[in-house]
Amino acid sequence: MSKRFLNFQPKVQEVSNYFKVLFRWKGSVYKLLRREFLVFLGAYTVISLVYRLVLNAKQKETFDSICIYADDFSSLIPVSFVLGFYVSVIIHRWWDQFLAIPWPDRLVYNVAAHVDGDDESGRIFRRTMVRYVNLSTLLLFRSVSQSVKKRFPTLDHVVNGGFMTEEERKSYEEIPSQHAKYWVPCIWFINLVRLARVDGRIASAPAVKSIIDEVNRFHDQCDEIFGFDWVSVPLVYTQVVTIAVYTYFLACLFGRQYLQPDAGYQSKGRNADLYIPVFTLLQFLFYFGWLKVAEDIMDPFGEDDDDFEMNLMVDRNLQLSYLAVDDLFHSYFPLVKDLHYG
Amino acid sequence: MSKRFLNFQPKVQEVSNYFKVLFRWKGSVYKLLRREFLVFLGAYTVISLVYRLVLNAKQKETFDSICIYADDFSSLIPVSFVLGFYVSVIIHRWWDQFLAIPWPDRLVYNVAAHVDGDDESGRIFRRTMVRYVNLSTLLLFRSVSQSVKKRFPTLDHVVNGGFMTEEERKSYEEIPSQHAKYWVPCIWFINLVRLARVDGRIASAPAVKSIIDEVNRFHDQCDEIFGFDWVSVPLVYTQVVTIAVYTYFLACLFGRQYLQPDAGYQSKGRNADLYIPVFTLLQFLFYFGWLKVAEDIMDPFGEDDDDFEMNLMVDRNLQLSYLAVDDLFHSYFPLVKDLHYG
Amino acid sequence: MSKRFLNFQPKVQEVSNYFKVLFRWKGSVYKLLRREFLVFLGAYTVISLVYRLVLNAKQKETFDSICIYADDFSSLIPVSFVLGFYVSVIIHRWWDQFLAIPWPDRLVYNVAAHVDGDDESGRIFRRTMVRYVNLSTLLLFRSVSQSVKKRFPTLDHVVNGGFMTEEERKSYEEIPSQHAKYWVPCIWFINLVRLARVDGRIASAPAVKSIIDEVNRFHDQCDEIFGFDWVSVPLVYTQVVTIAVYTYFLACLFGRQYLQPDAGYQSKGRNADLYIPVFTLLQFLFYFGWLKVAEDIMDPFGEDDDDFEMNLMVDRNLQLSYLAVDDLFHSYFPLVKDLHYG
Amino acid sequence: MSKRFLNFQPKVQEVSNYFKVLFRWKGSVYKLLRREFLVFLGAYTVISLVYRLVLNAKQKETFDSICIYADDFSSLIPVSFVLGFYVSVIIHRWWDQFLAIPWPDRLVYNVAAHVDGDDESGRIFRRTMVRYVNLSTLLLFRSVSQSVKKRFPTLDHVVNGGFMTEEERKSYEEIPSQHAKYWVPCIWFINLVRLARVDGRIASAPAVKSIIDEVNRFHDQCDEIFGFDWVSVPLVYTQVVTIAVYTYFLACLFGRQYLQPDAGYQSKGRNADLYIPVFTLLQFLFYFGWLKVAEDIMDPFGEDDDDFEMNLMVDRNLQLSYLAVDDLFHSYFPLVKDLHYG
Amino acid sequence: MSKRFLNFQPKVQEVSNYFKVLFRWKGSVYKLLRREFLVFLGAYTVISLVYRLVLNAKQKETFDSICIYADDFSSLIPVSFVLGFYVSVIIHRWWDQFLAIPWPDRLVYNVAAHVDGDDESGRIFRRTMVRYVNLSTLLLFRSVSQSVKKRFPTLDHVVNGGFMTEEERKSYEEIPSQHAKYWVPCIWFINLVRLARVDGRIASAPAVKSIIDEVNRFHDQCDEIFGFDWVSVPLVYTQVVTIAVYTYFLACLFGRQYLQPDAGYQSKGRNADLYIPVFTLLQFLFYFGWLKVAEDIMDPFGEDDDDFEMNLMVDRNLQLSYLAVDDLFHSYFPLVKDLHYG
């Protein structure tokens, strides 16, 4: 989960924030690429040393022609287009996933507004209803998010976390379905709605309609999150992009070597022996970083620095639910004239 | 249907996942392109052999000039743009199709919430209602999905699958319409709603409104899926993209040949005789793979590795439907204080 | 209306479908471009013949420099970008138009669900209601679609087609408005709803709300289709794109000519005299085809191969409407236990 | 407001419509660019004449090097990308603005459906309600559209146009708010709804809900239009694009001059003295035209050829409103069997 | 907040507005880039002076080769693509944020329409309800907007601003939650709705449904704004773009230097010694300006020239709220025949 990084810069206008952005480590391109970077640099160095120290003149000539060929070829690979279009798709998908995350808030508000009862049984009734909603999200998150799965590896943990009673768990496990079952608590919730209507806890038919419509809306979002998990971006597309980037840097490993001055590079302005290929390394950071953007946000429910903080959501949702339908249920204040009353 | 491929990599940070992605076979670019790849490689080899072994000096010179012309020309074809824009369109369409798939869940929830009756006739009533919904999707899927059509080639199979009774089937077949008829069970469903309201199974007018609104929503999605099937991306666009890619590799067949050193390629760094045109083959994988992305997801209801698993959906939907409106209809648990109750 | 072309290929994996796509004629780029192609080829030939047969050495030299200039210039025109961005806009608009097409289905379902009455007057009442909906779409389609206009050139044809009575037509024509009047039958429909509520044919206030909400939704889509017709893509944009493509091929007419070997083209690899400029012709197909994509789908309600089949829709809508509110209104089946009942 | 220009071409297939599109004047790129074009051509001519007639050999040499530098530089400016991305943003915004225009139709339909009363007071009541809706749009349009502002420069004109009574106007002007007040008639409308419910003109609570929901929807669209007017595309973006285009043609003024044959241009094929830089002028039309697309549609509520015809909308809306809630309120026709009744 | 800048140009057609746009200062690229520009110019000058005055012939040669290498390399960095795709993402996000801003208008309208009571207690009741809505937005804005936070640094300021009573504030602070609490006044609002229904101030169940649905809608938008604040664009993406731009201009610092005539630049047309690198500076403005577009709108709730004017919204919302539910609650006008009544 990326915190707003701009906020950490107190004086916005002094220097470009984007300049400071270059020096952050957590969730940064440097941290993500440190291994790949070393591998590339190592390979480049080995090739360079072999060329300079091992090869004889004849071999150098052959090597020269290979390098020039590789350099020529690398300009034919449209890495920037491929990455541009691909990352566009992935980043849209990433944000759509964030928007699709089911929040219990709307259902909680409906329960607070429509399910009456000030006594203990009323309180328990409302609390049970919102608990089912939270249980449903938790069961869903367990199946799509590595971090939630790690925190709640078994249903025991779910029961111990207060999301489920033993009895409910038993009933849940007995349902004979090989498909995902995160929707079951929604049915339990609906059963409670029917019960509440019969008992008169819910006062009117439109209120029932409101609640059921919200359940459907909530369930839709659960299904959408599940759909994102079920159907990923076609493997072919990812392979195509990866092949392009790797091919490009394979070509660069040779094409960006410093060659002996008479190798035919002069026309391209390469007779400066920099020893360290500064610009090529920057280019590596840049293109591989772009690919990393895609890889990083492809599965935003994981444990990377930039992933959504699902466990925080689980806690926040449960707390808000209980507060809204129970603790704050009686928060009335004396009606007084406001400041602008006239 | 592409399973989440990232999940199979236990230790995410060790090596780039995208590197491992390169070595998967199922649904991969290699599997999809193996035939085209061999054809291209064969043609390249034949041309190369003819040049090296058959042609005389004069002919070689003519051939050289053709190759240089072809190479020059190939740089004028903006394959990457065309593919970039085209694949953007197709991939949006692909995901829109996924989102448009009609799930019975919302209607099922409405039936569970609003259609009363604990006795056998109540159970049968609800089961029949959700069966009609599932029947409607099945009839739709049969007309757009090859895999579902293969599993349910005739209405006999639909009847045997438990989606339809013989009587319903007869009535269905008698409807005099040359257009698609997957919407007919929706009408049967509406008739049941009217009946249930008269019989008092549905308690209130807002409940009826809820259910009918959901039928409309459900029907809209059916129509949208049908629309995707009916109106495909304009043929011209697909032809244009295909012509671009094929023209490019036709030019490459000649332009990427190794020519005799004095043919005029030196300025472009092509005097390395690699025998196997490694980079050109990688480029082939890359560009044709990009085109394959589009072809692969153009019709996502088929039987490819990456297509949506429609038959799985058919099973899951029916199971969930019956569970929700019948088996779980009486899942009440004793209301107890939860862990955080205070 | 492009039929699904992929379906005609029985064995998907054998050869790339996209290869076969190249050889289709109906709705193809070849059919669309046959005239422009011949004009371009003719002009190219004439220029070539003049150069080879008519001009003297001095004139040839001048001509050479013009050609080289034209060739140099043609590389400065970013046809692929312009077309890429432009076609993106047009193709989105095209699909948005498809999605905006008003289908009567939702209103028909509402009428079937909420307007009671089993006797003849009830049947006529419902049939009249859905007839008005179909009339409204027909009047709209007549004003935006060439093919529908051709089938129903006057209101006489509309009356004869059974969409309107003589009396209604007279009343319709008397409405004093110079603006589009396709919305009038919606008002007639609303009047019937009010009448039905008073007569008790519609049982409840929520049902009325449902129907009126659907009328509004339906009317919105009519307005959207009308808006697409009223406000087209700014002419300037279309002109800009067209100027780019025509300028490019004007430059190609000269820049792609075969010049005498010493004209200075050697550095660009053009000393192969192909007589027929194969690659340039392919490029013509390709770029002009791309432009044709836009032209083809700019007005999708016409009579081109790829346009929406509006007349088919008109027929289908009327048939479905009458089936749903009348013929199938009494389709009840005995409630029986289904296959999975247990 | 661009009329459908394709319709003016009677025989679609004979020649490409897009070819004819090149020769339209109204709303065309030529009309929009005539001033800029002349300025550019003039400057080019002056520079050319100075070079040919004024400069001596030494000065010509310096000038040559500047020109070659400018030409070289011009290829570094990615005008096409910048314009492509920028115009994409603007054209989306343009169409979103069209979609956001508030039409009174839905509210009018609701009034027609739900507000009863056949006598004069009923007629006036409904007419007043829809008048308020039209008044609200008019007040909004006055603040965002130059053409509407010109037609209704003061509230006197609004009163005289029949949208407002003197009394309402007085009350409106007395509201102490420095912010936009176009929403006030919506409140008046709501007050009438409350009154109508008390008086029994509106028969049911769901009908009230329907109407109020529509008011909110209507108001949302008003706010959206106001938001588009309030928050424009960031100035920086527009400046960046403009700088790019102007810099490019500044470079072209020099870089596209015909230089003396030995100036070093030969390698780029520029030793043809065309006197009139045909291709550069076409390029000017093309790039500046692209920029003009953005400028033209940036503020679509103005008086340009391509802008939305807001005054037409104002008239159409008022007419439709009165027709729907008054004149057509009693349009009933005898219910007869339709053509397909059987 | 960018005011409509086009409106300040009285005579639109005389000269291109976009030309005038170049000379605005407030919110301009010049103002935003003045520091970076001076840094770049200074560095360029220092390097140039060192080259011309300090280096000896041998060192100049080495320097030459480094510059040519840098120049060659700079053409390999696809700054325009990267920026194009990145700014597309950011600008969409920017506008989505504007659309997500929660306006109280819909809730205010619902309160005005559905909550009865003409006496003082009725007035206070409605005023309190809308005050809670405004309080909720204010609490949200305080957590996401620097400018609102600056105006209301503590809850004391919120109380003094009339948004909250002391009692409410105390209760608010006592809620034991470490998460954001801007939603609490929504619960208070819901409590009042329940109370109003019991007291008969709200007349019907559908009215309650309407209001609660709007609360949910309102709350959704609050959550969305909070989500935009919580989850920013992945840091990696921003770093990648920033690296690309900075690398490019690092390369330009050397690659765009004027070198001694025999350094090998002639082929690229660089033997004009301009002293001031006019075009490179324009390019700097252009590319860095593009990056600034992104930086400028990344956090649109700040205090930049182009940011949304949140404090203005806070004032406007409160004023509109009180006007709509109190001052204008009794704005009835005598019903009179309008101008077109006939």
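**Interfaces and salt bridges in a predicted multi-chain model**

Between chain E and chain A, about 8,500 Å² is buried, and 66% of this area lies on carbon and sulfur atoms. On the chain E side, the residues that lose the most area to chain A are E:Tyr69, E:Arg194 and E:Trp230, which together account for 10% of what that side buries. The model described here is predicted. The contact involves 95 residues of chain E and 95 residues of chain A.

The polar component of this interface comprises four salt bridges between chain E and chain A. In one pairing across the interface, E:Arg127 forms a salt bridge with A:Asp338, with the closest N and O atoms 2.8 Å apart. Between chain E and chain A there are also 21 residue pairs in polar contact. Helix H11 of chain E, spanning residues 205-230, supplies the largest share of the side that touches chain A, namely 17 residues. By class, that side of chain E consists of 51 nonpolar, 21 polar and 23 charged residues.

The geometric relation between the copies was examined next. Two copies of a chain are related by a rotation about an axis and a shift along it. For chain E and chain A, a turn of 72 degrees with a shift of 0.0 Å along the axis lays the former on the latter with an RMSD of 0.0 Å. This relation is that of a five-fold axis. In chain E, the C-alpha nearest the axis belongs to E:Pro206, at 5.1 Å from it. Chain B is likewise superposed on chain A by a rotation of 72 degrees and a shift of 0.0 Å along the axis, with an RMSD of 0.0 Å. Here the C-alpha of B:Pro206 is the one in chain B nearest the axis, at a distance of 5.1 Å.

The surfaces used by the copies were then compared. Of the interface residues of chain E, only 7% are also interface residues in chain A, so the copies meet through different surfaces. The corresponding value for chain B is only 7%, and therefore chain B and chain A also meet through different surfaces.

The contact between chain B and chain A takes 95 residues from chain B and 95 residues from chain A. These two chains bury about 8,500 Å² between them, with 66% of it on carbon and sulfur atoms. Four salt bridges are counted between chain B and chain A. In one pairing, A:Glu120 meets B:Lys337 in a salt bridge whose closest N and O atoms are 3.1 Å apart. Residue pairs in polar contact between chain B and chain A number 22. Several helices of chain B give two or more residues to the side that touches chain A, including helix H2 (29-54), helix H4 (79-100) and helix H11 (205-230). Helix H13 of chain B gives the most to this side, with 12 residues. The side of chain B that touches chain A has 49 nonpolar, 24 polar and 22 charged residues.

A further pairing between chains was found for B:Glu120 and C:Lys337, whose side chains meet in a salt bridge with an N to O distance of 3.1 Å. B:Glu120 lies in helix H6 (residues 120-144) of chain B and C:Lys337 in the segment after helix H14 (310-325) of chain C, so the pair joins two chains. B:Glu120 is partly exposed, at 40% relative accessibility, and C:Lys337 is partly exposed at 45%. A network of salt bridges links A:Arg106, A:Glu214, A:Arg217 and E:Asp220.

Over all chains, the count comes to 89 salt bridges. Within chain A, the side chains of A:Glu303 and A:Lys150 meet in one of 3.0 Å, N to O. This pair links distant parts of the chain, 153 residues apart: A:Glu303 is in the loop between helix H13 (278-298) and helix H14 (310-325), and A:Lys150 is in helix H7 (residues 146-151). A:Glu303 is partly exposed, with a relative accessible area of 45%, whereas A:Lys150 counts as exposed at 57%. Within chain C, C:Arg169 and C:Asp156 form a salt bridge at 2.4 Å, N to O. C:Arg169 lies in helix H9 (residues 166-174) and C:Asp156 in helix H8 (residues 155-160), so the pair ties together parts that are 13 residues apart in sequence. C:Arg169 counts as buried at 15% relative accessibility, while C:Asp156 is partly exposed at 35%.

Terms used
Residues are numbered from 1 along each chain as its sequence is written. Chains are lettered from A and ligands numbered from 1 in the order in which they are written. This is a predicted model: local features need pLDDT of at least 70, side-chain atom pairs count only at pLDDT 80 or more; totals for chains, interfaces and linings use all residues. Side-chain values use heavy atoms; hydrogens and water are left out. Copies are superposed by least squares on the C-alpha atoms of residues with pLDDT of at least 70 in both. Contact means heavy atoms within 4.5 Å. Buried area is the accessible area (1.4 Å probe) that two parts lose on being put together, summed over both. A polar contact is a pair of N or O atoms within 3.5 Å; within protein, one must be able to donate a hydrogen and the other to accept it, and residues adjacent in sequence count only if both atoms are side-chain atoms. Helices (H or I, at least four residues) and strands (E, at least two) are DSSP runs, numbered from the N terminus. Ala, Val, Leu, Ile, Met, Phe, Trp, Tyr, Cys and Pro count as nonpolar, Asp, Glu, Lys and Arg as charged, and the others, Gly among them, as polar. Buried means under 20% relative accessible area, exposed over 50%, partly exposed in between (1.4 Å probe, protein chains only).
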